[in-house]
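Visitor: I'd like a close look at one part of this model, please. Could you pick a single helix and walk me through how it sits and what it connects to?

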Amino acid sequence: MPDVSAYLMKENAEQKAYIENTLKVPYNAYCVDCKEEPSTHFNVGFGIWICTNCAKLHVQETSERVKPAYGEIWDLHTLKVAHYGGNQQWHDYLEEYKSSNKVKPSWRYKNGNSKWYKRNLQMRA
């Protein structure tokens, strides 16, 4: 089988620097769900930073598009979602609507308030 690695688009230095700076924000540095592990992935639908284990759950339970923080190029829309979103915005939204952050992702990310948050974020981006 031929080596296709030369044909894959890699992240550029500007994108890497932007992500590194975004992950320096205290709310983004750790997973928004478990709050224990460092953030390694980005949920593009909700604009939140999550760890590897929670990323697997997001893909299985919510069918959201999840991208690794490093190693592949992000499109302009994903970068805009990262700009407008973030773990603090999601946390504040959950607090405002008194949604528990302790419930399973399959419910937390599929209720009506969460769907509104996602649609609004996607429109802004």
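Guide: Let's take helix α7 and then follow its links out into the rest of the chain. One thing up front: this is a predicted model.

Start with the helix itself. α7 has 13 residues, running from 112 to 124. From its first C-alpha to its last it reaches 19 Å, close to the 18 Å expected at 1.5 Å a residue. At the N-terminal end sits a cap, N111. A side-chain oxygen of N111 lies 3.0 Å from the backbone nitrogen of N113.

Now look at the two faces. S114, Y117 and L121 are the buried residues to look for in α7. They cover an arc of only 60° around the axis, so they end up on the same side of α7. Turn to the face pointing away from that buried side and you'll meet G112, R119 and M123, which are exposed.

What does the helix contribute to? α7 supplies at least two residues of the largest nonpolar core, a set of 25 residues. The other elements that each put in at least two are α1 (13-24), β2 (48-50), α3 (52-62), α4 (76-84) and α5 (87-96). Inside that core, the members touching the most others are F42, I48, W49, I50 and W90. Take I48 as a sample: leaving aside neighbours within four places in sequence, I48 is in contact with V32, H41, F42, N43, H58, G86, N87, W90 and Y109. So two of the well-connected names, F42 and W90, turn up again in the contact list of I48.

Then there's the charged side of the story. K118 of α7 meets E64 in a salt bridge, at 2.8 Å from N to O. E64 lies in the loop between α3 and β3 (66-68), so this pair ties together parts that are 54 residues apart in sequence. The two ends sit in unlike surroundings: E64 counts as buried at 12% relative accessibility, while K118 is partly exposed at 27%.

That bridge has company, with the count coming to four salt bridges. One of them joins R108 to D33, with the closest N and O atoms 2.6 Å apart. R108 belongs to helix α6 (residues 105-108) and D33 to the loop between α2 and β1, which puts the partners 75 residues apart. Both R108 and D33 are buried. Another joins K67 to E72, again with 2.6 Å between the closest N and O atoms. Here K67 is buried, with a relative accessible area of 9%, and E72 counts as partly exposed at 30%.

Since D33 took us into the loop between α2 and β1, stay there a moment. S39 has its place in that loop too, and at 8% relative accessibility S39 counts as buried. Its side chain makes polar contacts with backbone oxygens: one of N28 at 2.7 Å, and one of Y30 at 3.2 Å. Beyond residues up to four places away in sequence, S39 touches L23, N28, A29, Y30, C31, W49, I50, C51 and N87. W49 and I50 are names you've already met among the core residues that touch the most other members.

K35 shares the loop between α2 (26-29) and β1 (41-43). K35 has a positive phi of about 60° although it is not a glycine, and it is partly exposed, with a relative accessible area of 48%.

Note on methods:
Residues numbered from 1 in each chain as written. Predicted model: local features only at pLDDT ≥ 70, side-chain atom pairs only at ≥ 80, totals over all residues. Heavy atoms only, no water. Core = buried A, V, L, I, M, F, W, Y, C linked by side-chain atoms within 4.5 Å. Buried < 20%, exposed > 50% of the residue type's maximum accessible area, 1.4 Å probe, protein only. Helix = DSSP H or I, 4+ residues; strand = E, 2+ residues; numbered from the N terminus. Contact = heavy atoms within 4.5 Å. Expected span 1.5 Å × (residues − 1). Arc of directions from axis to C-beta. Polar contact = N/O pair within 3.5 Å; in protein donor to acceptor, adjacent residues only side chain to side chain. Salt bridge = Lys/Arg side-chain N within 4 Å of Asp/Glu carboxyl O.
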